[in-house]
Amino acid sequence: MEEQHFGPVWFIPGENKGKYPFCHSLYIEGAGVLIDPASDRDRLVQLRETQGIKMVWLSHAHEDHFMHLDLFDDLPLWISDRDSAPLSSLETFLDSYGMDNHDFRGYWRKMLEEEFHFKPRKPTQFLQGGQIIDLGVVTVEVLSTSGHTPGHLAFFFREPKVLFIGDYDLTRFGPWYGDAHSSIEETIDSVNRLKRTPAEVFLTSHETGVFIGDPGKLWDDYLEVIQERERKLLDLLKEPRTIEEIVGSWIIYGREREPKAFFEFGERGLMEKHLDRLIKSGVVVQKKDHYVKTG
Ligand SMILES: [Zn+2]
């Protein structure tokens, strides 16, 4: 993938098309702001040496967005208040994922430290939705876009009309809302809000990454994945099912995948969010250990 510049907003492609565990980064030339340092370690080191990075912003507190933050331990770090706690310690991070399986926690602890260079960080400042930041070279509008995580942020760069939409990434996989405090409803609201933003270029964190002009149908395709998951779950719940049976149906990932600490954890997290939503709307009831569709 090619690095692309939109005025002072630089799109720094992540390794392997920015697929997990990587993401695309942004760099604001002249202002020295680096957003989501998990793209390409060599390029980030080079950017620091040649451009003089002054601070790091995080769109949210996920490991595939902060993998190379360790290169910038000495620089100011800005993130939303609501996503700051997971950075404070490894245990708080795992709690934010709602991870209660002892073995999975062990796997993640090792992976976070060894692959994602996790070190506790205390942000120097909180970014807030609605905030307008004048960086001199560009004006940034901070958009609170909760759902994926409670404190996920998007950034609208006004003059070049560039919108960075982070992990509402318009991929075929669809949205992630499996953290303890993620929300399906808020995800839908955030995507609809981003869709209405008057941008000319849309940048995302993973895969395609750069959309010149409105991504059009992709917005609806992306949200449709949520409905598709729900339809499959409701179909399964024509018969009473335990959570283990639901997770074992692999509605999200399509097939059983390894490592379980990663894929089974994700499958469960997202399915639990769907079950909560269906129970609240009265479409599904829980009877002891089983879930079943009403009517
Ligand atoms: Zn994320």
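# Worked exercises on a predicted model

Strand β4 (residues 33–35) pairs with β3 in the antiparallel sense, and three bridges hold this pairing in the assignment, where two strands count as paired if DSSP finds at least two bridges between them. The model is predicted, so that local features need a pLDDT of at least 70 and side-chain atom pairs count only at pLDDT 80 or more, while totals for chains, interfaces and linings use all residues. Residues are numbered from 1 along each chain as its sequence is written, and side-chain values use heavy atoms, with hydrogens and water left out.

## Exercise: strands around β3

Task: Find which strand is joined to β3 by four bridges, and describe the hairpin that β3 forms with β4.

Solution: Begin with the strands themselves, which are DSSP runs (E, at least two residues), as helices are DSSP runs (H or I, at least four residues), both numbered from the N terminus. Strand β2 (residues 9–12) runs antiparallel to β3 and is joined to it by four bridges, with Trp-10 standing opposite Tyr-27. Turning to β4, Val-33 stands opposite Ile-28 of β3. Four residues lie between β3 and β4 in their hairpin, and Gly-30 in the turn has a positive phi of about 90°. Finally, look at the side chains: Ser-25 and Tyr-27 point one way from β3 (residues 25–28), whereas Leu-26 and Ile-28 point the other way, and all are buried. Here buried means under 20% relative accessible area, exposed means over 50%, and partly exposed lies in between, using a 1.4 Å probe and protein chains only.

## Exercise: the zinc ion

Task: Identify which residues coordinate the zinc ion, and decide whether the arrangement of its donor atoms is regular or irregular.

Solution: Start from the donors, which are N, O and S atoms within 2.8 Å of the metal (3.2 Å for Na, K and Ca); water is not among the atoms, so sites may look incomplete. The zinc ion is coordinated by His-60 through NE2, His-62 through ND1, His-148 through NE2 and Asp-167 through OD, at 2.0 to 2.1 Å. Along the sequence, these donor residues follow the spacing H-x1-H-x85-H-x18-D. Distant parts of the chain are linked by His-60, in the loop between β5 (55–57) and α3 (63–66), and His-148, in the loop between β9 (139–144) and β10 (153–157), which are 88 residues apart. Both of these histidines, His-60 and His-148, are buried.

Next, consider the geometry. Four donors count as tetrahedral if all angles lie between 85 and 135 degrees; four count as square planar and six as octahedral if opposite donors are over 155 degrees apart and all others between 65 and 115, and anything else is irregular. Around the zinc ion the four donor atoms subtend angles of 92 to 169°, and therefore the arrangement is irregular.

## Exercise: the nonpolar cores

Task: State which helix gives the largest share of the largest nonpolar core, and which domains contribute at least three residues each.

Solution: A nonpolar core is a set of buried Ala, Val, Leu, Ile, Met, Phe, Trp, Tyr and Cys residues joined through side-chain atoms within 4.5 Å. The largest one has 73 residues, and those that touch the most other members include Phe-66, Trp-108, Leu-163 and Ile-246. Helix α9 (residues 260–280) supplies the largest share of this core, namely eight residues. At least three residues of the core come from each of domain 1 (4–215) and domain 2 (220–289), whose bounds come from an automatic or database domain assignment. A second, separate core holds 25 residues, among them Ile-28, Val-33, Leu-153 and Phe-155.

## Exercise: unusual backbone angles

Task: Locate which prolines follow a cis peptide bond, beginning with the bond from Tyr-20 and continuing with the bond from Glu-258.

Solution: The bond between Tyr-20 and Pro-21 is cis, with omega about 10°, and Pro-21 lies in the loop between α1 (15–18) and β3. The bond from Glu-258 to Pro-259 is also cis, with omega near -5°, and Pro-259 lies in the loop between α8 (243–247) and α9.

As a further step, examine phi. Lys-17 is not a glycine, yet its phi is positive, at about 60°, and this residue is in helix α1. Leu-170, likewise a residue other than glycine, has a positive phi near 60°; Leu-170 is buried, because its relative accessible area is 7%.
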